[in-house]
Amino acid sequence: MKGPRASCEGYLTFRTSPYSPPPMIRSYSMLVGTCFYYYASQEDAEVMMRLKGEVDVIGAQEWDGKGNMHIYTNGFMFVTAQNKVFYAYADTPMDKEKWLRAMQTAVMTTVPVLSTLGISSLSSHHELMSPSSGTEIDVHARCAVCPQDDVAAAALLKFRCGNCEDTFCDRHSLQRLPLPHKGYYYAMRVCDECYYAQLFVNYLKAMNQRLSSRTCVYPKPLNVNAPIELIMPMGPSHTPATTIALDLFKDGAITAEELEVLLLADKRYLDQTTEQPEIPLDLKILALHREFASKSFSVSRAVVLLHQNLESDPLLFKPILERLLSFSYDAKINQVEFYWPQIVHAYLNIPVFEFEKLFWMDELVLSICSRSIHLALLLIWQLRGALEDAMDPVATLRSQSTFARVARLMVEIEVHVIGSSRQEVLQQSCAKKILPILTEDQLALVNTLMDNMAAYRRDASPSTAPVATELDAQYADFSGFQQHLLKPKEKTILPPAPIADWATGNAKPEPLRRRRTMSMAEKSVLATFYAEECAFVEQITDIAEKLRFVPMAERKPMLAKHLETFSLPPNAYIPLVKATDPFEQVVRLPPKEGTAFSTKARVPIMLIFEVVRGANSSLQITSPGSARPLMTPQASTTAAYEIDEEVRHLINRQSIDSVSSAPETPLTTSAVPTTPRPATSDDDDDDDDDDAQHGIHPMPLGHATTNNTSSGALEMDLSSMHISDEVMAMERDRKKDLEAAFGESWLSKRERIRLSSPHGHLPGWDIVSMIGKSNDDMRQEVFTLQLIQKFLEIFKAANLPIWLKVYRIIATSSSAGLVETLTNAMSLDGLKKRDGYVSLLQHFEKSYGGASTETFASAQAKFIQSMAGYSLVSYFLQIKDRHNGNIMLDNEGHIIHIDYGFLLGIAPGGSFSIETAPFKLTTEMVDTMGGPDSEGFKEYVTLCTRGFLALQPHCDELCDLVGIMAQHSPYPCFANKDVAYVLSRFRSRFKVAMSKHEVVSHMLYLIRKSHGNYSTRQYDAFQRMTNGIYP
């Protein structure tokens, strides 16, 4: 069952003298052991923020309540170690007795906290100063933070920080906190840096005090093989049948499922559950384990249960974490990585005083990170964003309260996973402005508190199991990435960072997992790798940030100078990979290949890196933008999807005439839709379209994927084919037209760089492109791509050839990140600005041949399949800002949408947004499909309808994913919004109550409304006038 948050808590009214002045002050108070805390309100106390004062109680007794003018009923007094006597009264006699009993018991059974923390007697503070003394100083003094030339700051009042004793202006010293290590038991004015440092100290103290006072206990560690834990109280409410069933379960004679059946069948037992609230908990636990045993139980369901039970009893919370931990040991580590943002979000949303759950979450996260340094890096970057959110002065009080727990977890990761010393972490992190700067007193106090926490952890943990002796068994639990870093290597390819040749399969060779702690030498390897990778990524985002303040005309030359002085760490790797992907060591950064894109608010930079992959590239075909092995055409398993005759018949029966906004293009159909063209091997990449790249208008970012036949349309070996010279000449001309539209192809660029590179001869050599961005919160885009990935999985499960691209993004903070580059593609805006552009259809005919050619038919099919996918995604997620700068076209014919800054109800212009169409479907796009009467357009209608029907059964799953991230979210689509309304609108778009006939009618209505929509044309015209983006 849930434990109390404190020994005693509630509102008290008190002062430090029996007579006025001072006046009586009403505060929400908490007693933890002998520590007495008081806050202005209960809301502040529930998140441990805006603490007004803290003292250590050494005695308590009755008080008659007599003052100068009043007699206070329910009065009592207590003496503190700070030589102050508090005269207080409670609201009721019962509350008075409760407080007195709690204080007297705590004094008799608890060692004063000041002595346990190693704080010496406050000899210099026996008589504490009043709160108003000595803080305001001369207005002419200089603020330690404000620039010297800041005229406005010079006129502000200056204050001396009660902690560091430096001078700060009013705007940099707004916060107040007690500083018991300095002898101040009341809230003193402190600078911003010391405020956050003291929040960190107070959080650690709160944990220690509750553990030392037994308000909570450090729980036993997670155990994936642990038996089911039940409360099972043997009381008078148990019937004979219940008692027998429980005894049989204890003896192992029956299973948990059988016990659950017996308990549910005992009516007398169920009738008494209202008097025994712990008995329903047993049933919940049994039901939870029954769900775990289901073959359909997955990581996604475990994550949903995790969020649903954040405020439930710990006995329900623990088995869910154990199940997630077991997933991280088997072949589902990539799924755990996929839901990594949701797992971290759960950590941030655990109730403040649920420390047992927090300790278990620590163990889960540290266990996974210790076996995958890649996930540890992703976690650190995500925590940096959360830390910056918490330090935002306009953030909610609840969001600010997560600062201390995030800072603590960051320290724990670097100490227990990376192997850094705590002293180094606290000092270096402070120097990098990741964590606040601690004074010497605070640093000593933090070390003491964290040592105490480590002792509690050791006491709660069982003895360490023996370490396996065989090399493979020692590293069996580590991810392949981790094994590459730690296992001894027989051969090196490129010193000083050797590249091993290891397999990338997900399956682990040994079914029985061993829990193994790393040696100090291994942790030293990880520490070096971790530091170098962080430095590598920070350099990229720092360059993008520096270029923001450079005049636009000088940005590209300045980028080249930055790249020439770029310090490439020996162990840098491309982080846009999965946990099981092979290691990609960066060996060179060609300085002349970088590109800077200037926008109004930021300067994204696209860089090309030379890498050497750990896997043997001759054994698998890989995408130049990703290290993951892809499917060859021969190995494709994608087949033609089955025709739904009912849907085809319904579409055929209904008219799909266009809306009045586009009368010039009537959408009528009189023919039955033809059987859709079988999906070729290039319709869907293997696992899965994470190889998608990201591009930025207007630069053509060429990149030909090598996993499918369609790239052969650009790089076809004509000499090996028995065709006439005339056909060969036509094909070469077509390739020239395609390169003229999209720029230098990726394969051509790769070959050019390889010839000039000193590393081009190495096995596994390749080039990879990334985009670095600053001044841009990319976390919402990461979440949107998660949803798009789920859409894609649903379409594939339904065997539909609907195509979507899911490129990888890493948000390294709340304002910076890396984006996988979309290559061999350019925006529709950039395409329309090309010389000789007439229309999208004309571009297809010129690039892929006439309408009767196979290459044109293949490109048109890809265009239709991608249009269907993005039409559905745009409708369900309400993605807006769909101008032609945010819609790409690749060299295979696919449409790709980018930039998901507006979705789920938010749009440019807010409530005055003019984008009202369900999705973007212009007349030019329909013409490219073949026109409204064509088989291609009917194929598009059929795919949209079939895709809608495929999504309906997954409504709950998708809504759960959105609902998880909507709670206390920093994403713009949820911030300051009615989350329940957003979720309700999202669910309503699935139309789950509609029949198949009604869904067909609804989809046709959406297509009619979108085709040639007036608001779409108006928005495109607006973008043309304001930003020069062609419609």
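Modeller: Helices and strands are here DSSP runs, numbered from the N terminus. In this predicted model, the secondary structure of the protein chain comes to 37 helices and 20 strands.

Biologist: How many residues does the protein chain have, and what percentage of them count as buried?

Modeller: The chain has 1031 residues, of which 58% count as buried. Its exposed area is about 42,500 Å², and carbon and sulfur atoms supply 54% of that area. Among contacts between residues at least 6 apart in sequence, 72% join residues at least 24 apart.

Biologist: Let us turn to a helix. What span should α5 have, and what separates its end C-alpha atoms?

Modeller: The general idea is that an α-helix has 3.6 residues a turn, so residues three or four places apart point the same way. Helix α5 covers residues 192-212, and at 1.5 Å a residue its 21 residues should span 30 Å. The C-alpha atoms at its ends are 30 Å apart, in agreement with that expectation.

Biologist: Is α5 mostly covered or mostly uncovered, and which residue with a positive phi follows it?

Modeller: Helix α5 is mostly covered, with 18 of its 21 residues buried. After the helix comes R214, whose phi is positive, near 65°.

Biologist: How should a strand such as β15 be read, and which of its residues point each way?

Modeller: In a regular strand the side chains alternate between the two faces of the sheet. From β15, W765, I767, S769, I771 and K773 point one way, while D766, V768, M770, G772 and S774 point the other way. Both sets are buried. Because 10 of the 10 residues of β15 (residues 765-774) are buried, the strand is largely enclosed by the rest of the structure.

Biologist: In which sense do β14 and β15 pair, and over how many bridges?

Modeller: Strand β14 (residues 605-613) pairs with β15 in the antiparallel sense over eight bridges. Among the bridge partners, V611 is matched with D766 in β15. Strand β17 (residues 816-820) also runs antiparallel to β15, and five bridges join them. There, S774 stands opposite A816 of β17.

Biologist: Finally, how many disulfides are counted?

Modeller: A disulfide is a covalent bond between the sulfur atoms of two cysteines. The test applied here asks for a pair of cysteine sulfur atoms within 2.5 Å, and by this rule the count is zero. C191 is in no disulfide, its nearest cysteine sulfur being that of C194, 3.5 Å away. C191 counts as buried because its relative accessibility is 1%. C35 likewise counts as buried, at 4% relative accessibility.

Definitions and conventions
Residues are numbered from 1 along each chain as its sequence is written. This is a predicted model: local features need pLDDT of at least 70, side-chain atom pairs count only at pLDDT 80 or more; totals for chains, interfaces and linings use all residues. Side-chain values use heavy atoms; hydrogens and water are left out. Helices (H or I, at least four residues) and strands (E, at least two) are DSSP runs, numbered from the N terminus. The expected span of a helix is 1.5 Å times one less than its number of residues. Buried means under 20% relative accessible area, exposed over 50%, partly exposed in between (1.4 Å probe, protein chains only). Two strands pair if DSSP finds at least two bridges between them. Contact means heavy atoms within 4.5 Å. Accessible areas come from the Shrake-Rupley method with a 1.4 Å probe; for residues, only the protein chains shown count as cover.
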